[in-house]
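Visitor: I have a model open and would like to learn how to read it. Where do we begin?

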Amino acid sequence: MATIRSVVRGCGYHLPERVLTNAELSRMVDTSHEWIVQRTGIEERRIAAEDETTSTLGLKAAEKALADARLTPADIDLIVVATSTPDFTFPSVATQIQAGLGITHGAAFDLQAVCTGFVYAVATADKFLTSGSHKRALVIGAETFSRILDWTDRTTCVLFGDGAGALVLEAQLGTGTSEDRGVLTSHLRSDGRHREKLYVDGGPGSTKTCGFLRMQGKEVFKHAVGMVTDVITDAFKATRTSAADIDWFVPHQANKRIIDATAEKLGIPSEKVVMTVQRHGNTSAASIPLALGVARADGRIKEGDLVMIEAMGGGFTWGAALIRW
Ligand code: UT7
């Protein structure tokens, strides 16, 4: 049956130039390169310069995605930005990127689901496009987590980094089967009872400051694998596909051990797993589009490939989407 699909037209990413290595971190807090690599897989991360913000990183990623799609800003009528580190409480990062691109039509808004933000943003844009209300969307994950880290807390400051990635999605007619190109299914979940395990201890409505990230890492770890395998299984069921059909598994990049355990539980071989955590650290909502951008640019992800994205993070929130590229 003819169905509208949100098809990936382009992909781009942008990273700050400044690389922060584990060796440098071990001179700032009581940690070591060995501990960080063994527990997380992270070797280095990027840190935004003084004059870089979430919207400047996101704008550069968006420009690259548009160039990759061979489209101009005038072709875009929807911008959805997933971020938990906006430049300001308002206006949204999305409207700042819209202005930076010179777009004066359509709609732009931010969406906040912490590390699951990009999966939420893909699912949201997909609903707009498949409803017929919008034609082409920029879906962006952009973060400057370095700005909400307590740089004296070794349990969190070694884990995160800054960056941005973007997809251009376009409404196209498909046949309604899992052979179609585009977002085939998306599954979003949340459970606010887990607030204390991963949160920021400030905000405009409480402390009137932006606060610092606090995490009970072990508690988050305990839930992560089970939650994401659940939603991935839902995505397989909804599309009558299985792990064997996947060409690329592009998970949220928080911890190599979580990624390895999830892939093993699902029976996805390591050659099909896109891993960027070693270079980028955890960039929250930016981590999936950064990993997609890297794997697209180096020729791994090709048109027609079946790509599973998934994430879990603060809230808790978690989700997965299956996309045929
Ligand atoms: O993206 C959102 C979702 N977030 C996540 O997915 C993060 C999930 N959690 C994790 O990735 C892991 O739990 C961490 C990487 C945060 C921690 O790894 P862990 O294996 O769970 O270690 P742990 O918290 O149990 O800590 C083990 C030890 C502790 O020392 P004691 O109590 O055993 O003496 C920590 O104090 O390691 C210590 N430790 C460190 N040592 C050196 C904690 N942080 C550090 C550090 N360097 N940076």
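Guide: We will go through the sheets, one helix, the ligand site and one buried residue. Keep in mind that this is a predicted model.

Visitor: What holds the strands of a sheet together?

Guide: Strands pair through backbone hydrogen bonds, in either the parallel or the antiparallel sense. Now take the case here. One open sheet has five strands, ordered S1-S7-S6-S4-S5, and its pairing is mixed.

Visitor: Which strands stand at the edges of that sheet, and why is one side of each left without a neighbour?

Guide: Strand S1 (3-14) and strand S5 (107-111) stand at the edges. Each has a single partner strand, so one side has no neighbour in the sheet. On average, neighbouring strands are turned by 20° against each other, direction ignored.

Visitor: In which sense do S4 and S6 pair?

Guide: Parallel. Strand S4 (residues 78-82) and strand S6 (residues 136-144) share five bridges. Look at Ala82: its bridge partner in S6 is Gly141.

Visitor: What is the strand order in the sheet that contains S8 and S11?

Guide: The order is S8-S13-S12-S11. This sheet of four strands is also described as open, with mixed pairing. Strand S8 (182-190) and S11 are its edge strands, and each pairs on one side only. Here the average turn between neighbouring strands is 10°, direction ignored.

Visitor: How many bridges join S11 to S12?

Guide: Four, and the two strands run parallel. S12 spans residues 306-313. Pro251 has Glu310 as its bridge partner in S12.

Visitor: How do I read the faces of a strand? Are those of S11 covered or open?

Guide: Check the side chains on each side in turn. In strand S11 (residues 248-251), both faces are covered. Trp248 and Val250 are buried on one side, Phe249 and Pro251 on the other.

Visitor: Which strands does helix H10 lie across?

Guide: Take the five-stranded sheet to begin with. Helix H10 (residues 287-297) lies across S1, S6 and strand S7 (162-174), and runs at about 85° to S1. H10 also lies across S11 and S12, at about 155° to S12.

Visitor: Which residues does Val294 touch, beyond its neighbours within four places in sequence?

Guide: Val294 lies in helix H10. Leaving those neighbours aside, Val294 is in contact with Tyr13, Thr276, His280 and Arg300. Compare Val274, 20 residues away along the chain: its C-alpha atom is 8.8 Å from that of Val294.

Visitor: Now the ligand. How many residues surround it, and which are the closest?

Guide: There are 23 around the ligand, and the closest are Thr31, Arg39, Lys218, Asn255 and Asn282. For polar partners, ask whether the protein atom belongs to backbone or side chain. Arg154 has a backbone N or O atom 2.9 Å from a ligand nitrogen. For Gly217, a backbone N or O atom lies 3.0 Å from a nitrogen of the ligand. Lys218 uses its side chain: an N or O atom there is 2.8 Å from a ligand oxygen.

Visitor: How much of the ligand does the protein bury?

Guide: The protein buries 75% of the 950 Å² that the ligand exposes when taken alone.

Visitor: Last one. Why does Glu44 count as buried?

Guide: Its relative accessibility is 18%, and buried means under 20%. Glu44 sits in strand S3 (residues 44-46). Its side chain makes a polar contact of 3.3 Å with the side chain of Arg279. Beyond its neighbours within four places in sequence, Glu44 has contacts that include Val19, Leu20, Val277 and His280.

Terms used
Residues are numbered from 1 along each chain as its sequence is written. This is a predicted model: local features need pLDDT of at least 70, side-chain atom pairs count only at pLDDT 80 or more; totals for chains, interfaces and linings use all residues. Side-chain values use heavy atoms; hydrogens and water are left out. Two strands pair if DSSP finds at least two bridges between them. Axes are lines fitted to C-alpha atoms, for helices over the stretch in contact, and angles run from 0 to 180 degrees between N-to-C directions. Contact means heavy atoms within 4.5 Å. A residue is near a molecule or strand if one of its heavy atoms lies within 4 Å of it. A polar contact is a pair of N or O atoms within 3.5 Å; within protein, one must be able to donate a hydrogen and the other to accept it, and residues adjacent in sequence count only if both atoms are side-chain atoms. Accessible areas come from the Shrake-Rupley method with a 1.4 Å probe; for residues, only the protein chains shown count as cover. Buried means under 20% relative accessible area, exposed over 50%, partly exposed in between (1.4 Å probe, protein chains only).
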